[in-house]
Amino acid sequence: MLSIPLSWAGTLCPDQLMQHYQKTGASKWLDGLIQHCGDDLYHFLLRQSDPALAQDICQQTWLKVMEKRHSFRADSRFKTWLFSMARNALLDELKRQQRWLSSTCPEQLAQPEVECSQSWPVARQQRFEQALRLLPFLQREALMLQLEGFSVGQIASITNELDETVKSRLRYARRFLQARLGEHDE
Amino acid sequence: MNKPTPSEHDELQSLYQRAKQPHKMPTALKRQLLVQCEARDKQPGAWRSWWQLSQLVMGCAAMLLLLSWMQWSPTADLYQIERTASADYLQVQYHRLAEPRTMLSSQVGREERLQLLWQRQQEQLQHTSSIHTRMAQLQQQEANWQLTICNELQMNLSKELVAQLQLGQSILPGRGAQWVELELAANGQVLAIRATEQVLHCPQTKAGRLPIRALAFAG
């Protein structure tokens, strides 16, 4: 019944897909947008919460895309708009659950230590993911957004912060990650 | 430290991309969203037609408002004439001004509104109505005026109406009966009253009595 995936969806960037979706409201354009940005958004939310909340916020965000498609400004970047809405929804929910800026989640701390018997790339990957989990919420957020391809200005826009604040968070996050990755290389 | 070296960034980027691999958006969620989107897209009523319908309704309402505004003029029923019969006259008329409508700003005083509407109405009458003159005898009864044309017609003018009428300089308040020339619109509305030296000669009635009751107070 649903046309997934669309061959031509890959040829259009999310901004072009959004323009088509904005005009028509047809599901094929939303399908293209989800193909492009759905996994990135879900992963971002998952790293900042838990699977249930990530799915919930993800659904809320895409429903907002449907509802507010006319308020999207053509001169802005779709992915920035999408992540901005998702981030706001996530923060609202975390505040509601009184989980906002609580130190790292217990389940995250309970992750097993990297075993020494594993191969070097696998161990490094695991150390990276563990270090990512141990980062404070705002630093992890800034770093993940940068690794998603957002510029400092776009991250500042998504997080409603100054560029300098974002740069500072990125600096601390990278320093922490390099330290965690480097100490095991020695 | 703000900008990582390319090798650092590349390594973090590749580590991050690999970390994303096992955590894709659940397919069921994607399907559910697309179903919801299709449902919105196919809804015939949906908000789109609702929007169009509301636009149509608003357009019609605006058109009706405009038409009613064109039809209804605040000056239309400002001047009121009440007609009755009597034993002495073929017709007795009571001319008065109605309470001015509140189409104008409520901050404008009643007298000012009345005057403004009166002026508007006079301008309209000058353009649309054929004006004719009649001789009549004027009798001032305190603030109310009475005009008589033989035994044909008696016109009683209210105080407010008198205040708005164009009165010739020779018509002075408190003066006794006098002959005047009336300027009348086709609907019988009095537009102006001017004093005249002429005297109206009324035909005798069948009963032989004096035709103009007003003559009683003229002499």
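## Talking through a predicted model

Mentor: Let's begin with the cover of one helix in this predicted model: what covers the buried residues of α1(A) includes α2 (27-48), α3 (51-67) and α4 (78-96) of chain A, together with α2 (27-42) of chain B.

Trainee: Nice! Which residues of helix α1 in chain A are buried, and within what arc do they fall?

Mentor: The helix spans residues 14-24, and its buried residues are A:P14, A:L17, A:M18, A:Y21 and A:Q22. An α-helix has 3.6 residues a turn, so residues three or four places apart point the same way. Seen down the axis of α1(A), the buried residues line one face of the helix, because they fall within an arc of 140°.

Trainee: Which residue has its charged end over the ring of A:Y21?

Mentor: A:Y21 is one of the buried residues of α1(A). The charged end that sits over its ring is 5.5 Å from the ring centre, and it belongs to A:R69.

Trainee: Now the aromatic rings: is the pair of A:F44 and A:F83 stacked, edge-to-face or tilted?

Mentor: A search of the whole structure finds six aromatic pairs over all chains. In this one the ring centres are 5.3 Å apart, and the planes stand at 50°. Stacked needs planes under 30 degrees apart and edge-to-face over 60, so the pair of A:F44 and A:F83 is tilted.

Trainee: How many residues apart in sequence are the parts that this pair ties together?

Mentor: A:F44 is buried, with a relative accessible area of 1%, and A:F83 is buried too, at 0%. A:F44 lies in helix α2 of chain A and A:F83 in helix α4 of chain A, so the parts tied together are apart in sequence by 39 residues.

Trainee: Over in chain B, how many residues of strand β5 are buried?

Mentor: Strand β5 covers residues 153-157 of chain B. On one side B:L153, B:M155 and B:L157 are buried, and on the other B:Q154 and B:N156. The strand is mostly covered, and the number of its five residues that are buried is five.

Trainee: Which residue of β5(B) is the bridge partner of B:V92, and which stands opposite B:T148?

Mentor: Strand β2 (residues 91-97) of chain B runs parallel to β5(B), with five bridges joining them. Strand β4 (residues 144-149) of chain B pairs with β5(B) in the antiparallel sense, over five bridges. B:V92 has its bridge partner in β5(B), and B:T148 has a residue of β5(B) opposite; the name in both cases is B:Q154.

Technical notes
Residues are numbered from 1 along each chain as its sequence is written. Chains are lettered from A and ligands numbered from 1 in the order in which they are written. This is a predicted model: local features need pLDDT of at least 70, side-chain atom pairs count only at pLDDT 80 or more; totals for chains, interfaces and linings use all residues. Side-chain values use heavy atoms; hydrogens and water are left out. Buried means under 20% relative accessible area, exposed over 50%, partly exposed in between (1.4 Å probe, protein chains only). Helices (H or I, at least four residues) and strands (E, at least two) are DSSP runs, numbered from the N terminus. The arc is that of the directions from the helix axis to the C-beta atoms. Contact means heavy atoms within 4.5 Å. Rings of Phe, Tyr and Trp (its six-membered ring) pair if their centres lie within 6.5 Å; planes under 30 degrees apart count as stacked, over 60 as edge-to-face and the rest as tilted. A charge sits over a ring if NZ of Lys or CZ of Arg is within 6 Å of the ring centre and within 35 degrees of the ring normal. Two strands pair if DSSP finds at least two bridges between them.
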